[in-house]
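Tutor: Please look over the model below. We will go through it by question and answer.

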Amino acid sequence: MLKEMNRRDFLKATAVTGAVLLTGDMIRTPAFAQGTVKIPEVEKIVITVITDNYADALRPDYKIAKRYRATSSRGLHGEHGLAYHVETTVDSKVHPFLFDFASDPQGVKNNIELLKLDLKKIEAMALSHDHFDHQAALVELLKAKRDEIPRGVPFYVGEQFFIGTYARTPDGGIRSIFALKREDVEGLGIVKIIEVKKPTSIVQGAYLTGKVEQVTDYEKIPPMFVKKSGDQYVQEGFYRRAGDRVQCQGEGTGRALRVRPSRDCEYGEAGAEDNRHRKSSCSHWRFHLTGAKPEAIQKTIADIKAIRPDYIVPIHCTGYEAIQAFAREMPDQFILNTAGTRYIITA
């Protein structure tokens with residue numbers, strides 16, 4: 001049954017993320033860009049981590065995590081970047097899509113081939129935000145796989161995604177932390193770019209939320225992150241772009257990706273700091289706590305504990321100190337993420 005959720009109810013029910021798997025029927029709430037979207041129940045969710053910061057060929061399977069076994073001649077690539085292959089199963093039909101593309105095209109291509117991911121079947125592609133470590137590999141990947149990726153597959157990005165994003169260096173200079181150019185993507189004639197301004201279904205059982213409000217009082221945007229305003233570069237605000245996901249600890253633009261499972265499985269693979277009141281039966285969160293102060297890490301962990309997830313799997317920009325803290329303080333829920341791990345959640 002569909003229902004409208006107010007902001008407080010929604011924040012209590014979900015967790016905002018870089019790629020979130022959420023239970024919930026319909027969203028119409030000020031927490032996100034205005035709009036409604038109906039999500040069918042998902043019988044099964046499979047998240048394959050194409051690449052992440054850490055690779056471990058010997059790590060055993062654990063709970064919902066199934067590990068890839070490297071061979072002696074060819075191993076998985078790990079990098080400071082993130083890329084996923086996600087499948088939802090609705091009415092016994094599988095709907096695969098790609099979410100984020102990391103930065104090293106050779107490494108991403110290598111891992112896709114080793115993991116035997118069939119790109120011929122993907123129904124959509126989407127980006128969480130406009131930092132190089134989530135999208136720099138895309139153009140070369142499209143070129144390398146042009147004979148496999150379906151022509152005209154929708155490619156979802158945030159509103160005004162292609163205007164660029166910047167960081168101020170210690171010496172006062174400005175560097176771009178954005179890689180994609182619209183003309184480079186469109187010029188290949190492979191994908192159809194769609195800018196997301198409100199909750200938008202991308203495949204059966206999954207949707208992008210649009211922008212999300214700040215919820216906690218302890219998130220701070222590091223001064224290094226700036227935006228261009230005329231001829232000047234000024235301190236970035238909480239939102240990176242209209243229509244995009246919340247920025248936390250300078251993570252940049254993005255949208256939350258949500259899936260409605262048909263059971264209460266409460267799964268967190270990565271997350272954002274603004275999760276104090278957020279819970280989901282099946283959530284994929286992104287923490288951006290690398291370089292964060294200890295008090296910010298502790299407040300985040302306290303708020304995540306209050307959500308009481310079944311699993312917590314910090315990834316990518318979570319940072320070593322925060323990962324350690326999650327492992328120490330939530331040992332029963334903690335799963336160490338590695339490149340090639342496949343998370344399988346079934347009804």
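Student: Which residues are exposed on the other side of α7, away from its buried residues?
Tutor: This is a predicted model, in which local features need pLDDT of at least 70, side-chain atom pairs count only at pLDDT 80 or more, and totals for chains, interfaces and linings use all residues. Residues are numbered from 1 along each chain as its sequence is written, and side-chain values use heavy atoms, with hydrogens and water left out. Exposed means over 50% relative accessible area, buried under 20%, and partly exposed in between (1.4 Å probe, protein chains only). On the side of α7 facing away from its buried residues, the exposed ones are Tyr-320 and Arg-328.

Student: What arc do the buried residues of α7 cover around the axis?
Tutor: Helices (H or I, at least four residues) and strands (E, at least two) are DSSP runs numbered from the N terminus. In α7, residues 320-329, the buried positions are Ala-322, Ala-325 and Phe-326. They lie on the same side of α7, because their arc, taken from the directions from the helix axis to the C-beta atoms, is only 100°.

Student: Which elements are included in what covers those buried residues of α7?
Tutor: The buried residues are Ala-322, Ala-325 and Phe-326. Their cover includes α6 (294-307) and β16 (311-312).

Student: How many of the residues of β6 are buried?
Tutor: Both faces of β6 are covered. Val-153, Phe-155 and Val-157 are buried on one side, and Pro-154, Tyr-156 and Gly-158 on the other. The strand is therefore largely enclosed by the rest of the structure, the count being six of the six.

Student: How many bridges join β6 to β9?
Tutor: Two strands pair if DSSP finds at least two bridges between them. β5 (residues 124-126) pairs with β6 in the parallel sense over two bridges, and Ala-126 stands opposite Tyr-156. β9 also runs parallel to β6, with Val-191 as the bridge partner of Val-153. The number of bridges between β6 and β9 is six.

Student: What is the angle between the planes of Phe-101 and Phe-155?
Tutor: Rings of Phe, Tyr and Trp (its six-membered ring) pair if their centres lie within 6.5 Å; planes under 30 degrees apart are stacked, over 60 edge-to-face and the rest tilted. Of the aromatic pairs, the structure holds five. The edge-to-face pair of Phe-101 and Phe-155 is 6.2 Å centre to centre, and the angle between its planes is 70°.

Student: How many residues apart are the two members of that pair?
Tutor: Phe-101 belongs to β4 (residues 93-101) and Phe-155 to β6 (residues 153-158), so the definition of elements as DSSP runs puts them in two strands. Both rings are buried. The pair links distant parts of the chain, and the separation is 54 residues.

Student: Which residues form one aromatic cluster?
Tutor: Phe-161 and Phe-178 make an edge-to-face pair, 5.4 Å centre to centre with 65° between the planes. Phe-161 is in the loop between β6 and β7 (166-168), and Phe-178 in the loop between β8 (174-176) and α5 (182-186). Both are buried. The cluster is formed by Phe-161, Phe-162 and Phe-178.

Student: Which element gives the largest share of the largest nonpolar core?
Tutor: A nonpolar core is a set of buried Ala, Val, Leu, Ile, Met, Phe, Trp, Tyr and Cys residues joined through side-chain atoms within 4.5 Å. The largest has 34 residues, of which Met-125, Leu-142, Phe-155 and Leu-180 touch the most other members. Two or more residues each come from β4, α2 (105-114), α4 (138-144), β6 and β9 (191-196). The largest share, four residues, comes from α4.

Student: How many residues are in the other core, the one with Tyr-343?
Tutor: This core lies apart from the largest one. Among its members are Ile-45, Leu-208, Tyr-311 and Tyr-343, and its size is 26 residues.

Student: Which strands stand at the edges of the open sheet of four strands?
Tutor: The order is β8-β7-β12-β13, with antiparallel pairing. Each edge strand has a single partner, so one side of it is left without a neighbour in the sheet; these strands are β8 and β13 (232-235).

Student: Is Ser-72 buried or exposed?
Tutor: Ser-72 sits in the loop between β2 (65-66) and β3 (83-90). Its relative accessible area is 84%, so Ser-72 is exposed.

Conventions: Contact means heavy atoms within 4.5 Å.
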